[in-house]
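Got the viewer open and a hand free for clicking? Let's walk through this one stop by stop.

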Amino acid sequence: GQENGAAVLAGWIPVSDVRHNLVIGSARSLVFTYRLPDSSSPAASTVAPSAQVQVLGRSPDNTWIAIAQPGARTAMLRWVKASDLRMPDVVAQTSTLTMLYQKPDSSSLVTSVLPPAQSVILIGRNGDGSMYAVSSRQGNKFIGWAHSNDLTGGMDRVALPVLQPH
């Protein structure tokens, strides 16, 4: 649960019941952390440049990332601006012949078709996680939206921002 924006212990569960996909981000520079996803809330601490932090989630508007700070004496939830963290690439492979669409909608224009076992980088998802925005591993450019069930791997998908098509 949460109390005044701070995470509090709710209970214990067996470790075997937890699927642990840790997402580790690193600070781009000296980064301030906040108790709430709001820069007018009190600054809680700082994260040194290049220091690694565990990513726990995102604010609904994707502008803030919730982190747990390694080495902190208490497991407090802290917030940092999304632009202050460097996130790892979420790499997936196409499982079948995969159509890429201009928008996260199967009725939109098909921009290209990828062969099976093609590696791509997932850069975001639509609201319900049924489609993912993908970029090429070569050149790292957005190439289209793929159906979730056409992709394998990319186990840190939950950490991806929800993107609104323009």
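Which residues does Pro37 touch, not counting residues up to four places away in sequence? Select Pro37 and its surroundings and you should find Ser59, Trp64 and Trp79. Keep in mind as you click around that this is a predicted model.

**Stop 1: around Pro37**

Pro37 sits in the loop between β4 and β5, the latter being residues 43-47. Color by accessibility and Pro37 comes out as partly exposed, because its relative accessibility is 35%. Now add Arg58, which is 21 residues away from Pro37 along the chain. Draw a distance between the two C-alpha atoms and you should get 9.2 Å.

**Stop 2: the ring pair**

Trp64 was one of the residues touching Pro37, so keep Trp64 selected and add Tyr34. A handy reminder before you look: a pair of aromatic rings is described by the distance of the centres and the angle of the planes. The count of aromatic pairs here is one. Its members are Tyr34 and Trp64, with ring centres 5.6 Å apart and planes at 90 degrees, so the arrangement is edge-to-face. The pair links distant parts of the chain: Tyr34 belongs to strand β4 (residues 31-34) and Trp64 to strand β7, 30 residues apart. Are these two buried or exposed? Both Tyr34 and Trp64 are buried.

**Stop 3: strand β7 and its partners**

Select residues 64-68, which make up β7. Four of these five residues are buried, so the strand is largely enclosed by the rest of the structure. Show the strands that pair with β7:

- β6 (residues 52-58) runs antiparallel to β7 and is joined to it by four bridges. For one example, pick Val55, whose bridge partner in β7 is Ile67.
- β8 (residues 77-81) also runs antiparallel to β7, with five bridges between them. Here, try Ala68, which stands opposite Leu77 in β8.

Next, follow the chain through the turn. β6 and β7 form a hairpin with five residues between them. Click on Asn62 in that loop between β6 and β7. Its phi is near 65 degrees, a positive value in a residue other than glycine. Asn62 counts as buried, because its relative accessibility is 17%.

**Stop 4: a second positive phi**

For a companion to Asn62, jump to Ala117, in the loop between β12 (110-114) and β13. The phi of Ala117 is also near 65 degrees, and again this is a positive value in a residue other than glycine. Ala117 is exposed, with a relative accessible area of 63%.

**Stop 5: the nonpolar cores**

In soluble globular proteins, nonpolar side chains tend to be buried together. To see that here, select Val23, Ala27, Val31, Val47, Val53, Val55, Ile65, Ile67, Val80, Ala82, Leu85 and Ala159, and show their side chains. These 12 residues make up the largest nonpolar core. β3 (23-27), β6 and β7 each supply at least two residues of this core. Val55 and Ile67, the bridge partners from Stop 3, are both members. Zoom in on Ala159: leaving aside neighbours within four places in sequence, Ala159 is in contact with Val23 and Arg58. Arg58 is the residue you used for the distance to Pro37.

There is also a second, separate core of 11 residues, including Val90, Leu100, Leu114 and Val120.

**Stop 6: Asn126**

Go to the loop between β13 (119-125) and β14 (131-136) and select Asn126. What does the side chain of Asn126 reach at 3.0 Å? The answer is the backbone nitrogen of Gly129. Asn126 counts as buried, because its relative accessibility is 11%. Beyond neighbours within four places in sequence, Asn126 is in contact with Pro104, Met131, Trp145, Val162 and Leu163.

**Last stop: zoom out**

Switch to a cartoon of the whole chain. You will find zero helices and 16 strands. Of the 166 residues, 35% are buried. Among contacts between residues at least 6 apart in sequence, 49% join residues at least 24 apart. Turn on the surface to finish: the accessible surface comes to about 9800 Å², and 55% of that belongs to carbon and sulfur atoms.

Key:
Residues numbered from 1 in each chain as written. Predicted model: local features only at pLDDT ≥ 70, side-chain atom pairs only at ≥ 80, totals over all residues. Heavy atoms only, no water. Buried < 20%, exposed > 50% of the residue type's maximum accessible area, 1.4 Å probe, protein only. Polar contact = N/O pair within 3.5 Å; in protein donor to acceptor, adjacent residues only side chain to side chain. Contact = heavy atoms within 4.5 Å. Pairing = 2+ DSSP bridges. Core = buried A, V, L, I, M, F, W, Y, C linked by side-chain atoms within 4.5 Å. Areas by Shrake-Rupley, 256 points an atom, 1.4 Å probe, with all protein chains shown as cover. Phe/Tyr/Trp six-rings, centres within 6.5 Å; stacked < 30°, edge-to-face > 60°.
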